[in-house]
Amino acid sequence: MKRSSLTEFEMKDKDFSLRICRKNGEIQTVYQPSTPPPFPVAAAQVAAPAPAPVETPAAKPEEKLDDKKVIKSPMVGTFYSAPSPESPPFVKTGDAVVEDTVVCIIEAMKVMNEITADMGGKIAEVLVENGDNIEYGQPLF
């Protein structure tokens, strides 16, 4: 700044600000963060009281699913119970299915995959909600 006629320089970026001023032949540098810290340091050192334990009703024991009678997800993806939001679901509780009945769609990498029952029977329970992210081998019906 001494070699040029600049007396003041300011630069701002997303979360950084730099201002340099030259007054009376002296150079002053000021650094300013443009965003405040997420929380005050003093507040972070104060311990919050532990929450009181919440009483929950006794959960009923999970029923063991018979793997031979469960339709599982063959892939990771997003579960859709119907071909479109306006359409009725492929199957619902109480519906009878045969081996080639389409029971849902799983979207994986922008590809819609129709999932079939692979066995005959009756849908006793739908275990996932429309739009849920599902894992490989996760029980669906």
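**Figure 1. Serine 73 and its surroundings in the predicted model.** Setting aside its neighbours within four places in sequence, serine 73 is in contact with Ile106, Ile134, Glu135, Tyr136, Gly137, Gln138 and Leu140. This is a predicted model, so please read the close-ups that follow with that in mind. Serine 73 sits in the loop between H1 and S4. Is serine 73 buried or exposed? With a relative accessibility of 2%, serine 73 counts as buried, because that value falls under 20%. Its side chain also reaches the backbone oxygen of methionine 75, at 2.4 Å.

**Figure 2. The largest nonpolar core, with 14 residues.** Here we look at the residues that have the most contacts inside this core: Phe79, Val103, Cys104, Leu140 and Phe141. Which strand gives the most to the core? That is strand S6 (residues 102-108), with three residues. As a reminder for this view, nonpolar side chains in soluble globular proteins tend to be buried together.

**Figure 3. Phenylalanine 79 and its contacts.** Stay with one of the core residues for a moment, Phe79. Leaving out neighbours within four places in sequence, phenylalanine 79 is in contact with Cys104 and Ile105, with Val128, Glu129, Asn130, Gly131, Asp132 and Ile134, and also with Leu140 and Phe141. Cys104, Leu140 and Phe141 are, like Phe79, among the residues with the most contacts inside the core.

**Figure 4. The hairpin of S6 and S7.** Strand S6 is joined to strand S7 (residues 111-116) by six bridges, and the two run antiparallel. Where does glutamate 107 find its bridge partner? Look to S7, where methionine 112 takes that role. Two residues lie between the strands of this hairpin, and methionine 109 takes a positive phi near 55°.

**Figure 5. The whole chain, for orientation.** The close-ups belong to a chain with one helix and nine strands, which run β-β-β-α-β-β-β-β-β-β from the N terminus on. Of its 141 residues, 19% are buried. The chain exposes about 11500 Å², and carbon and sulfur atoms supply 55% of that area. Among contacts with a separation of 6 or more, 48% are between residues 24 or more positions apart.

**Figure 6. Confidence along the chain.** The mean pLDDT is 77, and 66% of the residues reach 70 or more. Confidence is highest in strand S4 (residues 77-80), at 93, and lowest in helix H1 (residues 41-45), at a mean of 50. Where pLDDT is low, the predicted coordinates should not be read in detail.

Note on methods: Residues numbered from 1 in each chain as written. Predicted model: local features only at pLDDT ≥ 70, side-chain atom pairs only at ≥ 80, totals over all residues. Heavy atoms only, no water. Core = buried A, V, L, I, M, F, W, Y, C linked by side-chain atoms within 4.5 Å. Buried < 20%, exposed > 50% of the residue type's maximum accessible area, 1.4 Å probe, protein only. Helix = DSSP H or I, 4+ residues; strand = E, 2+ residues; numbered from the N terminus. Contact = heavy atoms within 4.5 Å. Areas by Shrake-Rupley, 256 points an atom, 1.4 Å probe, with all protein chains shown as cover. pLDDT = per-residue confidence, 0-100. Polar contact = N/O pair within 3.5 Å; in protein donor to acceptor, adjacent residues only side chain to side chain. Pairing = 2+ DSSP bridges.
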